Amino acid sequence: MEDTATREAVPVQATPASGDQPRGRLTRLGEWPFRVLLTVALGVGLVGATRVWWTALGMWKDEAAIANNLRRSFLQLAGHLTYDQVAPVGWLWLQKAMIEVVGPGDRVLRFLPFVGTLTVLCLGTLIARRAIGRFGAVAVALLLSFSPVLLVYAGETKQYAWEAGVALALIVLAAWAHDAIRWAGWPALRARPWLALAWIAATGVAVFVSFSAILVMFAVTAALVGLHALRRAWPDALFQAALSAPAALTAVFLVWWRHRFSFYPNQTDYFRGGTAPEGAGVREYLDWFPYMWSKFIEAPMSWRHGALVLALMVVGLVSLWLRSRLWAAMLLMVFLAAVGGGAVRGFPVVSRPAIYLIAPTVVLVVAAVDGLARASVALYRRGRAHPWQRIPAIAAALAAVAAAVGIGLVAGPSAGTARAEIAQPLGKEALRDALREVSDRVQPGDVVLVYYFGNAVTTWYKPYLNLGPDVHNVRLCQPDSPKSKQDELYAKLSGAKRVFYVEGMLNATTRRDNFAESLRALDAMGTIVEQHDRTNTRIGPHSWALVELTQVPPSPLPAGPDDPCLEMYQ
């Protein structure tokens with residue numbers, strides 16, 4: 001009788017597509033197109049990610065907030081973060097170690113995210129190679145290479161691309177563990193303890209450096225235990241569960257520890273659709289899932305036609321299950337864990353926190369095309385005796401073609417966005433660039449005023465620029481602010497001959513003509529001698545102006561909403 005464990009393990013170790021069986025000249029010739037295409041596909045992704053990372057755009061508010069936290073001690077990074085930031089402690093420690101060893105450059109700060117994007121590209125392709133086959137791997141590599149979100153976060157000081165890489169590494173590790181880690185008794189464990197220890201150590205480190213890995217660790221463990229249970233290998237199932245227990249306990253502690261500190265206001269609902277409504281019942285969950293799915297397809301996938309994507313994923317899942325239960329089970333459990341995390345309002349299933357789901361999604365939709373193509377070939381061989389028996393084969397072939405066209409429809413627009421990103425990376429804020437320009441012009445006695453939303457960016461870059469001692473955050477006067485905020489600003493400007501006003505990214509609640517209105521307020525106290533309004537550029541907004549002061553405070557004082565004024569911020 002055929003051993004079930006051996007049958008399940010074959011696709012993991014070597015499928016016919018991997019070329020481990022004896023090959024003739026035709027098969028060997030077929031390897032070259034595959035290798036060339038795969039090299040080109042991976043090369044596009046490598047060049048694109050490197051281009052975005054090496055461009056070293058100026059950091060925006062959230063990136064600078066993380067960077068400012070890295071000036072704290074390792075112990076402090078395990079506690080509450082300033083600016084209400086949230087990031088894995090292990091990743092913060094790695095980031096801090098990087099800047100202490102190499103230096104605080106923009107590329108250094110983004111090196112780990114860059115590595116994360118490359119890891120997603122390589123491991124996503126590896127998973128496709130093992131689960132689908134050669135040309136499935138090429139298709140997955142191409143789709144990942146043209147993922148705009150993966151490219152963008154290769155060049156940001158945020159943890160999301162890094163987390164995605166760690167999460168995929170766990171899936172690959174679990175595929176290895178499925179065959180390598182089995183219960184063979186205490187003597188065997190004592191003879192080869194490193195296998196079990198490797199799993200314990202790797203999963204423990206993964207959940208420490210990646211929030212996404214927490215969900216993935218539980219998902220792959222459930223998949224491995226479930227597969228062992230299906231073949232009634234209860235000792236293997238219990239052994240696998242026991243080896244994952246330390247990482248599970250570590251994850252529970254880390255989640256509990258993080259919830260001891262404050263979050264950004266409305267953090268749970270910050271990513272629209274990412275988590276279920278608070279206090280949701282059955283009806284609310286049923287309404288939430290399609291909304292969540294549409295948002296997931298929008299970001300991080302940058303795709304469209306969510307219903308078609310879901311249908312392809314289901315077909316792909318069935319195809320993988322028929323060929324290799326291991327990959328199907330793990331990918332299914334990853335998505336169930338992700339949706340579960342969103343359902344309990346623990347972790348968003350949309351936008352940048354869900355980058356770790358990009359590669360699994362791509363693998364499943366490509367598996368759908370591959371599965372339909374294989375089905376058409378198998379049905380054709382069965383029906384060669386009678387023409388009418390070829391109808392199912394033709395139908396399967398047409399379905400495969402339709403699925404391939406469908407992938408083009410859903411992913412096509414993202415390729416254009418990715419090409420634009422590679423040609424000229426898109427920045428969110430270029431306040432750093434404006435501060436650099438101003439620093440070349442600052443003279444003793446000058447005052448630099450920065451729009452308040454750029455506080456984190458200014459705080460990070462100020463030590464590396466010649467901005468002088470008088471750098472302050474300001475905003476347009478608010479109706480509910482005390483007049484003392486205006487008087488405080490006038491006191492800062494008294495005695496100064498010149499003032500620079502610098503503005504980057506605007507807060508969502510700030511009026512869009514903030515730069516023009518701020519200059520109107522300064523113009524009442526002097527003369528604008530230089531002005532650079534760059535509120536809409538590819539690298540990000542970075543406007544600044546130089547004002548020669550003649551009358552501080554202005555006379556007459558601003559008397560109403562038609563007379564804008566500036567005030568100190570905090």
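In the predicted model, the largest cavity encloses about 140 Å³ of space. Sixteen residues line this cavity, and those closest to its centre are A87, V89, F211, L254 and R258. Helices α5, α12, α13 and α14 each give two or more residues to the lining, with the largest share, three residues, coming from α14. By class, the lining of the largest cavity divides into 14 nonpolar residues, one polar residue and one charged residue.

In total, the structure holds four cavities of 30 Å³ or more. The second largest cavity has a volume of about 110 Å³ and is lined by 14 residues, of which L57, G155, E156, L426 and G427 lie nearest its centre. The lining of the second largest cavity comprises five nonpolar, three polar and six charged residues.

Helix α12, one of the elements that contribute to the lining of the largest cavity, covers residues 194-209. At 1.5 Å a residue, the 16 residues of α12 should span 22 Å, and the C-alpha atoms at the ends of the helix are 22 Å apart, so the expected and computed values agree. The buried residues of α12 are L195, A196, W199, T203, G204, A206, V207 and V209. These buried residues pack against α5 (89-101), α10, α11 (186-191), α13 and α14; of these partners, α5, α13 and α14 also give two or more residues to the lining of the largest cavity.

Open space was examined alongside the enclosed cavities. The largest pocket contains about 1400 Å³ of space. It is lined by 48 residues, and D84, Q85, V86, Y264 and Q267 are the closest to its centre. The elements that give two or more residues to this lining are α3 (61-69), α10 (160-180), α13 (211-230), α14 (234-258) and α21 (455-461). Helices α13 and α14 thus appear in the lining of the largest pocket and also in that of the largest cavity. By class, the lining of the largest pocket has 28 nonpolar, 12 polar and eight charged residues.

Among the strands, β3 (residues 498-503) has six of its six residues buried, and it is therefore largely enclosed by the rest of the structure. In a regular strand, the side chains alternate between the two faces of the sheet. Both faces of β3 are covered, with R498, F500 and V502 buried on one side and V499, Y501 and E503 buried on the other. The strand β3 runs parallel to β1 (residues 447-451), to which it is joined by four bridges, and V447 has V499 of β3 as its bridge partner. With β5 (residues 543-549), by contrast, β3 pairs in the antiparallel sense over six bridges, and the bridge partner of V502 in β5 is W544. The residues V499 and V502, which take part in these bridges to β1 and β5, belong to opposite faces of β3.

The loop between β4 (526-532) and β5 contains R534. This residue has a relative accessibility of 21% and so counts as partly exposed, a value that lies just outside the buried class, for which the cut-off is under 20%. When residues up to four places away in sequence are not counted, R534 touches E437, G540, P541, H542, S543 and W544; W544 is also the bridge partner of V502. R534 and F347 are 187 residues apart in sequence, and their C-alpha atoms are 36 Å apart in space.

Several features of backbone geometry fall in loops. The peptide bond from A299 to P300 is cis, with omega near 25°, and P300 is placed in the loop between α15 (282-298) and α16 (306-323). The loop between α15 and α16 also holds S302, a residue other than glycine for which phi is positive, near 60°. A cis peptide bond likewise joins V552 and P553, where omega is about -5°, and P553 is found in the loop between β5 and β6 (566-568). A positive phi of about 60° is also present at S351, although this residue is not a glycine, and S351 lies in the loop between α17 (325-343) and α18 (358-382).

Definitions and conventions
Residues numbered from 1 in each chain as written. Predicted model: local features only at pLDDT ≥ 70, side-chain atom pairs only at ≥ 80, totals over all residues. Heavy atoms only, no water. Buried < 20%, exposed > 50% of the residue type's maximum accessible area, 1.4 Å probe, protein only. Pairing = 2+ DSSP bridges. Contact = heavy atoms within 4.5 Å. 1 Å grid on protein atoms, 1.4 Å probe; cavity = no way out; pocket = protein on both sides within 12 Å on 5 of 7 lines; lining within 4 Å. Points joined across faces, edges and corners; volume = space filled by probe spheres on them. Nonpolar A, V, L, I, M, F, W, Y, C, P; charged D, E, K, R; others polar. Expected span 1.5 Å × (residues − 1).
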